[in-house]
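Work through the exercises below with the predicted model at hand. Each task is followed by its solution.

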Amino acid sequence: MSSKDETLELVEKAIDNISNIHRAHNLLRRLSRNSESVRDFLAEELLTTESEVYSSNSESEDEAAYRPSKRRRIPYAHVRYQKCAQCLEEFDITDNTTGCCTWHEGELELDYEADTWIDWDEYAHGPRDTLQHREEYPDGFTWTCCDEPGDAEGCESGRHSTVHGEPPQKRKRYEYEELREHTGTPLSFHHSCNMTLVSANVLDRHT
Ligand SMILES: [Zn+2]
Ligand SMILES: [Zn+2]
């Protein structure tokens with residue numbers, strides 16, 4: 001094996017070993033700053049254009065016109081993968097159809113009647129309602145919106161959204177904030193789903 005291959009193998013091993021997400025972010029930032037080809041590659045992977053968002057998977061004529069010639073500037077306008085404020089999953093904004101997101105619009109609260117807590121003594125075992133217990137003992141909690149246990153599938157469904165607690169909306173089209181220089185915080189991205197957009201973020205609720 002040539003030393004080039006060996007180096008590549010070692011680098012791949014080192015990449016596999018990165019467990020600190022901040023180190024990975026810094027590395028990618030430095031790479032994209034220092035190399036135009038890396039920047040182009042990352043842009044293609046991680047960003048999307050206005051028309052790709054509107055037309056989902058079908059490429060518009062405008063878009064097609066940009067693609068063939070290599071150095072033509074692609075009009076990237078949005079970060080493609082974003083975190084949904086409702087289900088807390090990452091989603092692809094070019095593939096976000098009605099029904100792909102489910103969430104609870106209520107609060108998660110302790111169910112004192114649940115079998116989980118029959119022999120629970122708070123003096124001996126500590127408080128019932130903790131973040132850890134919400135995850136470990138979902139049957140010991142219920143959603144105020146549907147009275148279902150903590151791990152029940154969301155009782156609301158719609159499209160993913162980055163908007164937290166947005167009131168019901170009637171707009172049909174997407175609405176975006178302008179893309180700004182990205183400094184680590186997720187870009188704000190609005191889309192209207194004609195429904196109540198409320199987060200079911202268990203962790204956020206608790207803190
Ligand atoms: Zn619910
Ligand atoms: Zn979602």
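**Exercise 1.** Determine whether C101 and H160 are buried or exposed, and state which metal they bind.

Solution. C101 and H160 are both buried. Both residues coordinate the zinc ion (ligand 2), together with C84 and C87. The donor atoms are SG of C84, C87 and C101 and ND1 of H160, at 2.1 to 2.3 Å. Along the chain these donors follow the spacing C-x2-C-x13-C-x58-H. C101 belongs to strand β5 (residues 101-103), while H160 sits in the loop between β8 (156-158) and β9 (175-176), so the pair ties together parts that are 59 residues apart in sequence.

**Exercise 2.** Assign the geometry of the zinc ion (ligand 2).

Solution. The angles among the four donor atoms are 103 to 113 degrees. Four donors count as tetrahedral if all angles lie between 85 and 135 degrees. The site is therefore tetrahedral.

**Exercise 3.** Describe the site of the zinc ion (ligand 1).

Solution. Its donors are H104 (ND1), C145 (SG), C146 (SG) and C155 (SG), at 2.2 to 2.4 Å. With angles of 98 to 116 degrees, this site is tetrahedral. H104 lies in the loop between β5 and β6 (108-110) and C155 in the loop between β7 (141-143) and β8, so this pair links parts that are 51 residues apart in sequence. H104 is buried at 4% relative accessibility, whereas C155, at 37%, is partly exposed.

**Exercise 4.** Which backbone oxygen does the side chain of Q86 reach?

Solution. Q86 lies in the loop between β3 (81-83) and β4 (90-92). Its relative accessible area is 1%, so Q86 is buried. The side chain of Q86 reaches the backbone oxygen of R159 at 3.0 Å.

Terms used: Residues are numbered from 1 along each chain as its sequence is written. Chains are lettered from A and ligands numbered from 1 in the order in which they are written. This is a predicted model: local features need pLDDT of at least 70, side-chain atom pairs count only at pLDDT 80 or more; totals for chains, interfaces and linings use all residues. Side-chain values use heavy atoms; hydrogens and water are left out. Helices (H or I, at least four residues) and strands (E, at least two) are DSSP runs, numbered from the N terminus. Buried means under 20% relative accessible area, exposed over 50%, partly exposed in between (1.4 Å probe, protein chains only). A polar contact is a pair of N or O atoms within 3.5 Å; within protein, one must be able to donate a hydrogen and the other to accept it, and residues adjacent in sequence count only if both atoms are side-chain atoms. Donors are N, O and S atoms within 2.8 Å of the metal (3.2 Å for Na, K and Ca); water is not among the atoms, so sites may look incomplete. Four donors count as tetrahedral if all angles lie between 85 and 135 degrees; four count as square planar and six as octahedral if opposite donors are over 155 degrees apart and all others between 65 and 115; anything else is irregular.
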